[in-house]
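Reader: I should like a close look at a single part of this model. Please describe that part in detail and then place it within the chain as a whole.

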Amino acid sequence: MKTILVDIGNASNLQAFLNAVANLDFIKSVRLAKSEDTEDERLSANEPETAYNWTNPSRPATDNEIEQLIDKMENSSGGFSTEDVRNKMKQWAARKSK
């Protein structure tokens, strides 16, 4: 026997899902389990609280970091030109149509 966990957005969708799954012949049982974690715990990276932790993926970027990213992107000379991208897309389309 295998158990799966499914997160469903709202109660009406939950009931529809339960009804649909309960009618399948190979389903042994369908029941709601109590959630042990809150939504905040699932969304956070469970990092220890510190004044500043730049490696925490759930930490929002600061305004200064966003400005630095924008400056770096605007001043970047790497990547592809618009014409390079168009040529690559034409080559890709030609390979896809074969």
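**Helix 4 and its setting**

Author: Trp92 lies in helix 4, which covers residues 82-97. The model is a predicted one, and the description below should be read accordingly. With a relative accessibility of 43%, Trp92 falls in the partly exposed class, because that class lies between the 20% limit for buried residues and the 50% limit for exposed ones. Trp92 also takes part in a nonpolar surface patch, together with Phe80, Val85 and Met89. The accessible area of these four residues together is about 450 Å².

Helix 4 also contains a charged pair. The side chains of Glu83 and Arg86 form a salt bridge, with an N to O distance of 3.9 Å. The cut-off for such a contact is 4 Å, and the count under this rule is one salt bridge. Side chains of opposite charge can pair when their charged atoms come close. Glu83 and Arg86 are three residues apart in helix 4, and therefore about one helical turn separates them. As to exposure, Glu83 has a relative accessible area of 43% and is therefore partly exposed. Arg86, at 49%, is likewise partly exposed, since its value does not pass the 50% limit.

The wider chain gives the context. The protein chain has four helices and zero strands, and from the N terminus its elements follow the order α-α-α-α. Of its 98 residues, 4% are buried. The accessible surface of the protein chain amounts to about 9700 Å², and carbon and sulfur atoms account for 53% of that area.

Towards the other end of the numbering, helix 1 comprises the twelve residues 11-22. At 1.5 Å a residue, its expected span is 16 Å, and the distance between its end C-alpha atoms is 16 Å, so the two values agree. Asn10 caps the N-terminal end of helix 1, where a side-chain oxygen of Asn10 is placed 2.9 Å from the backbone nitrogen of Asn13.

Beyond helix 1, Arg31 belongs to the loop that leads to helix 2 (39-43). Its relative accessibility of 70% is over the 50% limit, and Arg31 therefore counts as exposed. Arg31 and Leu18 are separated by 13 residues in sequence, while their C-alpha atoms are 8.0 Å apart in space.

Definitions and conventions. Residues are numbered from 1 along each chain as its sequence is written. This is a predicted model: local features need pLDDT of at least 70, side-chain atom pairs count only at pLDDT 80 or more; totals for chains, interfaces and linings use all residues. Side-chain values use heavy atoms; hydrogens and water are left out. Helices (H or I, at least four residues) and strands (E, at least two) are DSSP runs, numbered from the N terminus. The expected span of a helix is 1.5 Å times one less than its number of residues. A polar contact is a pair of N or O atoms within 3.5 Å; within protein, one must be able to donate a hydrogen and the other to accept it, and residues adjacent in sequence count only if both atoms are side-chain atoms. Buried means under 20% relative accessible area, exposed over 50%, partly exposed in between (1.4 Å probe, protein chains only). Accessible areas come from the Shrake-Rupley method with a 1.4 Å probe; for residues, only the protein chains shown count as cover. Patches are made of residues with over 30% relative accessible area and no salt bridge: like charges are joined within 9 Å, nonpolar side chains (Val, Leu, Ile, Met, Phe, Trp, Tyr) within 5 Å.
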